[in-house]
Amino acid sequence: MATGQLFSRTTQALFYNYKQLPVQRMLDFDFLCGRETPSVAGIINPGSEGFQKLFFGQEEIAIPVHAAIEAACAAHPTADVFINFASFRSAAASSMAALKQPTIKVVAIIAEGVPESDTKQLIAYARANNKVVIGPATVGGIQAGAFKIGDTAGTIDNIIQCKLYRPGSVGFVSKSGGMSNEMYNTVARVTDGIYEGIAIGGDVFPGSTLSDHILRFNNIPQIKMMVVLGELGGRDEYSLVEALKQGKVNKPVVAWVSGTCARLFKSEVQFGHAGAKSGGEMESAQAKNQALMDAGAIVPTSFEALESAIKETFEKLVEEGKVSPIKEVTPPQIPEDLSSAIKSGKVRAPTHIISTISDDRGEEPCYAGVPMSSIIEQGLGVGDVISLLWFKRSLPRYCTKFIEICIMLCADHGPCVSGAHNTIVTARAGKDLVSSLVSGLLTIGPRFGGAIDDAARYFKDACDRNLTPYEFVEGMKKKGIRVPGIGHRIKSRDNRDKRVELLQKFARSNFPSVKYMEYAVTVESYTLSKANNLVLNVDGAIGSLFLDLLAGSGMFTKQEIDEIVQIGYLNGLFVLARSIGLIGHTFDQKRLKQPLYRHPWEDVLYTK
């Protein structure tokens, strides 16, 4: 594997199994380093296609999303790194699929728990085809000032503190991703910083080894010294020992194998990683440290002394003139996400939607401040829910009962009315429930259902102005306006609408006042003197009685009542009620398996 650099300032990657934060951190690192192009060329989300919006500095960009690895590689032939955030169940298969793509050179596998047999197959394929696997169980790697994998090096603050926005002179390799972050900080304190850092992962069989990367670092001119952090368990460090003994490494190597405390325990101890478990004396941290020291590596006496050993080694290179001073640069400021800036109190941003009726942010949804559990525990009904969501207050029980009666009485009026007819025709055309329902609802208006609002508006205006029925009706006639809420196609003086009678009976028994309804009745008496079918219909009854409900409950101001009537609340009752019937007609037609409806020719008057 020896070769040289894996990454550069133009390296681009394909990100498998989209995770917003790691991708955004990569793009923020790109911006910090002054890259001209984002390092993420495309995202692979099995089963999804399109674009994912992210930020590149202050600019919002759209990164293509592909459903398959092959499609992504074909669309982005210059992307040669595959960053795999798949779960351990699918990481091996997706990684192998990526390795088989001719454009992919490096595969980083983040998942822990990938079966060892699968990992061995990946390693064998990669080595046979001159490709590199980093991981499994890795956080990835980074080339300072050029490219980073996923969450490597943590937050932007940590990256800046570790001076990873520009290249240094140190190559670093470790099994541990967490310790990598610690060592990036340590190296930055006592040297000019990291040039490249790799966490090979903590599994028993890593895709690439410590020595693989040290030998590679040895071929990179910009790297002047190497730092290695191993751990007890396994024998990976011994391949580095052999490389040192054979003279394959001609740059200083500062090394430490952690886990020396294992001998303090009476029994074997597992130290986090799958591979961090000593299987004998040779796999102990002490034995590995001694072997590395004997082979020529610079090995301190303890982890605490590692920083000093790195510092002394670097200073010696400076004295020898092997390290040239690096010109410090000031990295650009990464724009802070609005959500985090708001949370920290740094900015205030206007909201785009106002809601005063419901809130689902807490433990349970609330309607007008009333928790859902309270609504159920109190045995409240649909009318109570409507009062909370529509009127933002708990109305008296007689009010909510009246609302429920209105809904029940208006739920349906047979299959021949325009709304039901449209719904039936749509359902028989094979359309879905929502389409069928909407086709019926769209007919609601001044001639079908919408008269409730108009009846309330005109009756209220006339009653409040103390107009006599004669003045009201004749005044409407002069304007060319039919009195809303008066008149019925089949009902008459001698064949009253039972629904109107039920509403009037309930109101007279429960309402404190029925002033507006009684006014509507006097108007009816006058209109019946003109024609036998000019009776108060259900729209007029609901409209006038709702005025009595609003005024008599004492819970609404005059201004609020005017607003409710003007906005169209009362028509909302008809829409809600009739939806029940229209849904029923849809189910009825589906259940009966009715064929496509075609209107009969004999029912059409064809004229020229």
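Which strands and which helix make a right-handed β-α-β unit? Select β5, helix α3 (residues 91-99) and β6 in this predicted model. These three elements form the right-handed β-α-β unit.

**Stop 1: β5, β6 and β7**

Keep the unit on screen and add the next crossover. From β6 the chain passes through helix α4 (residues 116-128) to β7, and this β-α-β crossover is right-handed. Now show the strands alone. β5 (residues 81-84) runs parallel to β6, and four bridges join them. To find the register, label I83, which stands opposite A108 in β6. On β7 (residues 132-134), three bridges make a parallel pairing with β6. Here the pair to label is V106 and V132, which stand opposite each other.

Next, show the side chains of β6 (residues 106-109). V106 and A108 point one way, while V107 and I109 point the other way. Each of these four residues is buried.

**Stop 2: β2, β3 and β4**

Move back along the chain and select residues 50-56 and 59-66. These are β3 and β4, which run antiparallel and are joined by seven bridges. L54 stands opposite I61 in β4. The two strands form a hairpin with two residues between them. Select G57 in that turn: its phi is positive, about 70°.

Now add β2 (residues 40-44). β2 runs parallel to β4, and two bridges join them. I44 has H66 of β4 as its bridge partner.

**Stop 3: the six-stranded sheet**

Select β8 to β13 next. In what order do the strands of the open sheet of six lie? The order is β9-β8-β11-β10-β12-β13, and the pairing is mixed. β9 (147-148) and β13 (253-258) are the edge strands, each pairing on one side only. Zoom in on β10 and β12, which pair in the parallel sense over five bridges. Label G171 and M226 to see one bridge, with M226 lying in β12.

**Stop 4: helix α7**

Leave the sheet visible and select residues 210-218, which make up helix α7. Nine of its nine residues are buried, so the helix is largely enclosed by the rest of the structure. Among the buried residues are D212, H213 and R216, along with L210, I214, L215 and F217. What do the buried residues of α7 pack against? Their partners are α4, β10 (170-174), β11 (194-199), β12 (225-231) and α8 (236-245). Helix α4 is the crossover helix between β6 and β7 from the first stop.

**Stop 5: T152**

Select T152, in the loop between β9 and α5 (156-161). Is T152 buried or exposed? T152 has a relative accessible area of 1%, so it is buried, the cut-off being under 20%. Show what surrounds T152, leaving aside its neighbours within four places in sequence. The contacts are V139, G140, G141, I142, I159, N181 and Y184.

**Stop 6: α15 and α16**

Finish with helix α15 (residues 418-428) and helix α16 (residues 433-441). They pack at an angle of about 150°, with their axes 7 Å apart. That angle makes α15 roughly antiparallel to α16, because angles over 145 degrees count as such. The crossing of α15 past α16 is right-handed. To display the contact, select G419, N422, T423, T426 and A427 on α15 and S435, S436, L437, S439 and G440 on α16.

Methods. Residues numbered from 1 in each chain as written. Predicted model: local features only at pLDDT ≥ 70, side-chain atom pairs only at ≥ 80, totals over all residues. Heavy atoms only, no water. Buried < 20%, exposed > 50% of the residue type's maximum accessible area, 1.4 Å probe, protein only. Pairing = 2+ DSSP bridges. Right-handed = clockwise from strand over helix to strand, strands pointing away. Axes fitted to C-alpha atoms, helices over the stretch in contact; angles between N-to-C directions. Parallel < 35°, antiparallel > 145°, perpendicular 65-115°, else oblique. Left-handed = near helix turned anticlockwise from the far one by under 90°. Contact = heavy atoms within 4.5 Å.
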